[in-house]
Amino acid sequence: MSGWDEGAVFYSDQAQFPEDAAAATETKHRRHSVQIKFKEFIRNFEREKNIFPYRESLIENPKFLLVHLEDLLAFDADLPSLLRSSPADYLPLFETAAAEVLASLKMKVDMEEPKTEEVQILLTSKEDSTSMRSLGAQYISKLVKISGITIAASRVKAKATYVHLSCKNCKSTLDVPCRPGLGGAIVPRSCGHLPQVGEEPCPIDPWIVVPDKSQYVDQQTLKLQENPEDVPTGELPRNMLLSVDRHLVQTIVPGTRLTIMGIYSIFQAANSSNSHKGAVAVRQPYIRVVGLEETSEASSRGPAAFTQEEVEEFKKFSSQPDAYKTVCSKIAPSIFGHDDVKKAVACLLFGGSRKNLPDGAKLRGDINVLLLGDPSTAKSQFLKFVEKTAPIAVYTSGKGSSAAGLTASVIRDGSSREFYLEGGAMVLADGGVVCIDEFDKMRSEDRVAIHEAMEQQTISIAKAGITTVLNSRTSVLAAANPPSGRYDDLKSAQDNIDLQTTILSRFDLIFIVKDIRMYGQDKLIASHIIKVHASADAVSADTKVSKEENWLKRYIQYCRVECHPRLSESASAKLRDQYVQIRKDMRRQANETGGAAPIPITVRQLEAIVRLSEALAKMKLSHVATENEVNEAVRLFTVSTMDAARSGINQQVNLTAEMATEIKQAETQIKRRLPIGNQISERRLIDDLTRMGMNESIIRRALIIMHQRDEVEYKRERRVILRKV
């Protein structure tokens with residue numbers, strides 16, 4: 001997209017009116033009548049009795065006027081179709097009409113001679129937006145509506161509306177209008193001055209531009225990329241060039257989701273590639289924006305998008321006693337078991353409440369969840385489900401994402417050699433969920449990049465002369481495998497969870513998902529999976545399932561917009577006592593085992609329980625989180641993070657009697673094989689003892705116990721064992 005930041009263009013959708021006199025007068029009359037209609041519309045359109053919205057908004061805000069095309073249609077059926085078919089002709093008429101109405105209104109109010117000021121007309125409509133891929137030649141010079149994410153914004157330039165020309169011979173002046181958008185001005189070749197006797201006639205091309213006396217407006221170019229959910233599988237997202245002017249300038253930052261109305265126009269790229277140099281007729285498309293609305297997280301896809309029936313249905317659903325259970329049953333129904341993980345994912349989708357403190361600090365309301373465990377325990381399925389269900393979601397894999405791809409990258413523009421920012425996954429998913437698979441395979445320097453995004457919810461950039469802070473108010477759902485591939489019960493939790501405590505403390509819930517071999521459960525899982533496979537074809541014909549998914553998505557959206565719960569007094573007191581108790585237990589465990597817990601229990605975990613309680617209240621659309629919610633949140637926290645913190649070899653106290661004797665025997669053999677002060681490779685020791693008929697896991701367990709008692713020491717990355725004095 002080279003040249004997206006250039007404005008030196010000499011072509012646009014110019015209004016070409018026929019030259020012969022009769023047709024010209026007819027067009028003039030028609031334009032005049034249309035302008036009168038526009039004036040009437042602004043003056044006389046009333047929504048209810050004696051409420052004139054456009055007249056009032058003009059007096060309140062004389063700079064611009066937001067016009068709904070539906071209102072225009074209700075007032076006069078021809079006007080919207082004229083605007084849609086040739087907006088470049090009729091929008092200036094509309095703006096002139098608005099300026100005249102404003103002048104006459106001011107005259108009534110202030111009783112002084114009005115001066116006509118420019119009014120910018122912004123259009124909006126409720127119609128569905130067109131896909132960016134379907135915009136073709138038939139849309140040129142027509143009004144279109146598209147939506148997407150802004151990925152880049154240029155700096156503001158001054159665009160001339162009238163160019164002031166001066167003749168270098170006779171000094172006569174001329175004002176030439178400049179075409180809107182990325183269009184240029186056409187300068188006449190000759191001066192119309194008639195030479196006096198003895199005066200030198202004006203040469204050809206006599207005009208000089210006088211920049212100081214020309215009139216200017218602000219203009220900015222944006223780059224709009226398709227929404228990730230609209231891109232067909234296996235294709236790159238398309239992007240479109242937008243040009244905004246006057247009051248729309250600098251209202252948009254990269255990473256914002258937009259829906260825009262604009263005129264689909266074409267321009268000659270200033271530095272079009274050499275292959276196109278001869279092709280005079282080849283132009284690049286861009287959209288001249290005449291109205292834009294942000295589809296931000298607060299008004300996610302428009303606040304009025306919920307119909308009355310939907311709202312009633314949601315409220316009725318939330319008042320049922322088993323609403324929480326029903327929501328959890330709708331989460332990943334094709335996955336068997338894992339009830340607590342489903343509850344945690346439900347909390348993640350609904351999210352807690354974001355809070356702004358009086359001193360300007362912001363507390364995050366998003367919940368981060370880490371699933372850690374064996375392969376084939378449906379971790380990635382959960383991530384894929386969340387990606388489909390969350391209102392805004394981005395799915396990335398650990399190996400395939402770099403620090404810049406997750407946060408933001410600084411890119412140099414080909415034509416202007418300027419640097420600009422392009423937001424990565426965490427910025428694009430602002431107000432939604434980022435799913436990161438294979439979290440443990442990420443390079444550690446890339447993992448550091450998302451520390452700030454997970455706690456402060458911003459991404460700070462200081463590269464290439466750009467210093468800025470981007471918002472990334474996202475929840476993170478990550479899936480990881482233990483370092484050895486499977487979760488090894490013989491190792492301590494520290495070795496199984498091979499992530500730094502800095503990142504672990506940022507996860508509110510950490511689930512260890514184990515593949516336990518139990519006859520009864522295996523049978524149930526097998527029959528469930530076979531049933532899913534057998535009934536798969538029947539589902540694809542039926543549309544009910546997608547409706548369920550869609551319902552859940554809408555309900556999540558509604559809850560996130562409408563409900564921001566807070567803890568009640570009794571719940572706060574209860575939570576305080578619980579937290580102090582948990583800290584006490586962890587301290588006691590640390591004293592008993594002599595090692596620090598692999599997952600630290602800090603104030604962040606207390607905030608995590610608060611967020612979980614709020615999310616549970618939000619599912620029921622209740623504005624206060626009670627003791628029941630706190631109890632459930634503490635239970636979820638206990639079965640996930642606390643369980644992970646306690647797991648591993650330290651809890652292997654419940655050994656059976658024969659196991660204990662076997663371990664004792666193994667210890668004796670190890671001591672016999674390894675005199676004090678000697679060292680031996682671990683592999684060789686285990687091979688020697690297994691030849692004597694011992695079980696390898698028993699030997700390893702004995703070694704771990706001896707290591708805990710400080711009788712042996714590991715060297716050379718745990719490959720060599722040294723017996724201590």
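**Close-up views of two sheets and their helices**

**View 1. Two arginines of helix α23 are exposed.** On the side of α23 away from its buried residues, R684 and R691 are exposed. The model shown here and in the other views is predicted. Buried in α23 are E682, L685, I686, D688 and L689. Viewed down the axis of α23, these buried residues fall within an arc of 160°, so they line one face of the helix. Just after α23 comes G693, with a positive phi of about 95°.

**View 2. Strands β24, β26 and β25 form an open sheet.** The order of the 3 strands is β24-β26-β25, and their pairing is antiparallel. The edges are taken by β24 (679-681) and β25 (712-715); each has a single partner strand, so one side of each is left without a neighbour in the sheet. On average, neighbouring strands of this sheet are turned by 25° against each other, direction ignored. Strands β24 and β26 (residues 720-723) are joined in the antiparallel sense over 3 bridges. In this pair, S681 stands opposite V720 of β26.

**View 3. Helices α23 and α24 beside the sheet of β24, β26 and β25.** Helix α23 (residues 682-691) packs on the sheet and touches β24, β25 and β26. The direction of α23 makes about 80° with that of β24. Helix α24 (residues 696-708) lies across β25 and β26. Relative to β25, α24 runs at about 105°.

**View 4. A parallel open sheet is built from 5 strands.** The strand order is β14-β17-β20-β13-β21, and the pairing is parallel. At the edges are β14 (393-397) and β21 (509-513), each of which pairs on one side only. Neighbouring strands of this sheet are turned by 15° against each other on average, with direction ignored.

**View 5. Strand β13 pairs with the edge strand β21.** Residues 369-373 make up β13, which is linked to β21 in the parallel sense over 5 bridges. Within this pairing, L371 stands opposite F511 of β21.

**View 6. Helix α9 packs on the sheet of 5 strands.** Helix α9 covers residues 379-389. The strands touched by α9 are β13, β14, β17 (433-437) and β20 (475-480). Between the direction of α9 and that of β17 the angle is about 155°.

Note on methods: Residues are numbered from 1 along each chain as its sequence is written. This is a predicted model: local features need pLDDT of at least 70, side-chain atom pairs count only at pLDDT 80 or more; totals for chains, interfaces and linings use all residues. Side-chain values use heavy atoms; hydrogens and water are left out. Two strands pair if DSSP finds at least two bridges between them. Helices (H or I, at least four residues) and strands (E, at least two) are DSSP runs, numbered from the N terminus. Axes are lines fitted to C-alpha atoms, for helices over the stretch in contact, and angles run from 0 to 180 degrees between N-to-C directions. Contact means heavy atoms within 4.5 Å. Buried means under 20% relative accessible area, exposed over 50%, partly exposed in between (1.4 Å probe, protein chains only). The arc is that of the directions from the helix axis to the C-beta atoms.
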